[in-house]
Amino acid sequence: MWSLTLSLYTYALSASAPSPKTPHRCSDTAPATNRTPPTPPTIQTSTSDDESSAMDDLKVEVLFENGAYYEGFVTGVMKNEVVVSFPDDWYPETKFNYDNVRLSLSDEQCSTEFIDKQEIEVKLVRKPHPCYGWVKAVIKMISGNPPSQFVVQCFNSTVLEIVSPDKIRCININSHINRNTFYTFDIDVPEDVREFAKMYGIHNNLQKAIGASLVFYNPDKSMLSVITRSPLTSEKALMLTDMHFRNLKQNVTVLMETENLVQHLDNFKLKFASSSYTDEFNVCKHLIGLAIGAHGTNIKQARKIEGITNIELDKNTGVFKIYGENLDAIKKAREILEYREEYFQVPRDFIGKVIGKNSRNIQDIIDKSRVKKVQIVGDDDTQSTIAREEGKVPFKFVGTVENIRNAKFLLDYHLDHLKKLKIFNQDMTGIKQQLHSKQLSQSAVQYFNSTVTEIVSSDKINFSNINGDTLYTVDIPVPEDVRESAQIAGIHKNLQETIGASLVLYNPDQSVLSVVCSSLFNSKRALMLADMHFRNLNQNSMVLMKHENLMELLENSKSPFIAEFNVHYDLMGLAIGAHHINIKQARRIDGITSIELDKDTGCFKIYGEKKDAVMKARGILEYREEYFKVPREFIGKVIGKNKRNIIDIIEKSGVHTIETDDDNELHRKKGHVPLIIVGTVGCIAEAKILIKHHLEHLKVLDQNRKEKQMEKVNDLHSIRSNRPAIPHATMQRKNNREHMNDGQSNSIGRKSRRRTSDTDQEESGCIIS
């Protein structure tokens, strides 16, 4: 498993001791002077625009002893120095102090207009270095219109220089770099992938994904060194690097296969150029039947194409070979015979809407694209080898390459509509919540989709030549129920952008949608998407109207968001936190500009660019003390043995303390015991919910107990009421009392009376129980 060592030089880290979760600053991670770069691999990759942009982030200018600034690139970062390399290695890679290095001018900072006596920088060769450097100078004269030559005089010099326009620029106003300009960290590389990590360009995807300026392998340390302009890059690297190393072998295999394929293609082109036109491709064995067609229909159709001389098929390998007199004929034949199965990942949340009621949507895609089959690969399908993406379900398309391309185009369009609709619904909810603060929200309204009941065939596409350009025009009938919506300005913008049309316009006189395209291919795509576009047209118009109504309620609220609240003096320490940790945490939230605290009044003021950021910071700092009344008979069970229940509530809710108020006699007289809850507003609300839930449970148990007791009492009364009557029992007790009053209290008399009583009872046939 890899580990990550960070060198993030920020004020927050330098101001407080690092916690276990906080990356430590380290001055040992920068490379040494004259560091030997990794050996370039044999596999080369092209430089993309994203890579060029990332390298521009590392471009700096270094001040040398001759007073000139020379361009270079940062290759290492240390505590107070950076390592800079220079183009074509005209100067060795060297460490420079922050005070001698500044960022290069961006394109936005450069100006092309100059005037006399303007202070500028001129590109000259200054001894003892042979390379051009930037030196401050003053324009003395401008020659030509537009300017073709400039006469300049360098600072601290009396010599006049004549330079061309490409050798001057405006003054570089960028200040010298500091410890917050560049960040660096190293990533341990597992031993089993270190050989692959040396390959040139193998880490480009990781560099792009984490937003780094440079990612390269350091063989001396067996680590990946990362240089970036953003302190957030390390967090992304923590998430992605393990996956990157796990797939490194696979990426190398892909690169090598790509190189072999390119080489094979080059050889094929050479062979193709020196012989007749041929084409060769493979079809999976289980798809050969579809490629051939019933009774060889597809092969017969391909052979009938003008220019095709022969078609061969090896059924054992599934290899087709097409011979023809021209490339167009071979391409048409291949489109008929080349069958494939491809997968498309669909977000799990949209599966139901993609399929549609009674499979209407997916059947519509099958009919328009003419694929042979669309199959959903279920989670229990163990035979499929397709890689599953988290939160997505693979759709398998079977058909010709062109049919599959059309199916993916339709599915992409439908998914784009569903995603934008989801974003818009979230945005609408956010707008409603922001009405009280009048916060302006950027809406996601700019989308539209649709569907038609009348299909227009491709032979209805007209074409015309205008100034030598061929334009294709098709008029699509608009259903009657959506004609009002079709007249709204901008409602067809998404359809126009998707199909790449030059113009999409509704014609109210003929009730048709006129689509003008520069290619026949785009016109056919317009016919495929029109049905889907009209189906959702009314929905899109309602979305626009709702958005416009809500936006009218959000007036002129471009000022920063401010939240102000008070914290009791006794709770001020909790709100600030140990070593001001809570305030520091709140200030690190993206979008927070400032936090003010008046300790005398306990008033906090939070300033931010986003409402969400301000509310999040308030949730960290706003501490309160609130009461919750608990019935006296339940207070013991709420607290629990050894305070077990109350401790559990504290841990789950995150409140600071929960205690009983023993001094509050008013609530005690009313039969309640107040609990004092101290914590943030959100934590207190969570604690109250937990206590209420526990009280409801206790009340239910108490009610059940009382009902059982009442049942027992009722059963006892029922038993007593059903006993048989004993009429002479009372008279017997009365006679006994009379004999006792007469003084006949001797034991013989008592025994005699008992015998007489028992005899009387037996005679009466009654037994006293």
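## A guided tour, from a small sheet to a pair of helices

Start with an open sheet of three strands, ordered β28-β30-β29 and paired antiparallel. Select β28 (623-631) and β29 (657-660): these are the edge strands, each with a single partner, so one side of each has no neighbour in the sheet. Neighbouring strands here are turned against each other by 20° on average, direction ignored. Keep in mind as you go that this is a predicted model.

Now add strand β30 (residues 672-680) and look along its border with β28. The two run antiparallel and are joined by nine bridges. For a landmark on that border, pick K629, which stands opposite P674 in β30.

**Next stop: helices α21 and α23**

Select helix α21 (residues 644-653) together with helix α23 (residues 681-721). Their axes come within 9 Å and cross at roughly 140°. That angle makes α21 oblique to α23, because roughly antiparallel would need an angle over 145 degrees. Turn the view until one helix lies in front of the other: the crossing of α21 and α23 is right-handed.

**On to the aromatic rings**

How many aromatic pairs does a search of the whole structure find? There are 13. Let us visit two of them.

Select F64 and W90 first. Their ring centres are 6.0 Å apart and their planes stand at 35°, so this pair counts as tilted. Colour the backbone around them: F64 lies in the loop between β2 (59-63) and β3 (69-77), while W90 lies in the loop between β4 (81-85) and β5 (94-97), so the pair ties together parts that are 26 residues apart in sequence. Is F64 buried or exposed? With a relative accessible area of 6%, F64 is buried.

Keep W90 selected and add Y70. These two rings also form a tilted pair, with 5.1 Å from centre to centre and 50° between the planes. This pair too links distant parts of the chain, since Y70 belongs to strand β3 and W90 to the loop between β4 and β5, 20 residues apart. Y70 is buried as well, with a relative accessible area of 0%.

Now widen the selection to F64, Y70, F86, W90, Y91 and F96, and you have a cluster linked by ring pairs.

**Two charges over rings**

Right beside Y70 in sequence is another ring to show: Y69. The charged end of R102 sits over the ring of Y69, 3.6 Å from the ring centre. Then jump to F182, where R229 lies over the face of the ring at 5.4 Å from its centre.

**Last stop: helix α11**

Finish by selecting helix α11 (residues 360-369) and switching on a surface. This helix is mostly covered, with seven of its 10 residues buried. Which residues of α11 are buried? They are N361, I362, D364, I365, I366, K368 and S369, so charged side chains appear on that list next to the isoleucines. Step just past the end of the helix to R370, which takes a positive phi of about 65°.

To close, bring in helix α15 (residues 520-535). It packs against α11 at an angle of about 155°, with the two axes 10 Å apart. The two helices are therefore roughly antiparallel to each other, and the crossing of α11 and α15 is right-handed.

Methods. Residues numbered from 1 in each chain as written. Predicted model: local features only at pLDDT ≥ 70, side-chain atom pairs only at ≥ 80, totals over all residues. Heavy atoms only, no water. Pairing = 2+ DSSP bridges. Helix = DSSP H or I, 4+ residues; strand = E, 2+ residues; numbered from the N terminus. Axes fitted to C-alpha atoms, helices over the stretch in contact; angles between N-to-C directions. Phe/Tyr/Trp six-rings, centres within 6.5 Å; stacked < 30°, edge-to-face > 60°. Buried < 20%, exposed > 50% of the residue type's maximum accessible area, 1.4 Å probe, protein only. Lys NZ or Arg CZ within 6 Å of the ring centre and 35° of its normal. Parallel < 35°, antiparallel > 145°, perpendicular 65-115°, else oblique. Left-handed = near helix turned anticlockwise from the far one by under 90°.
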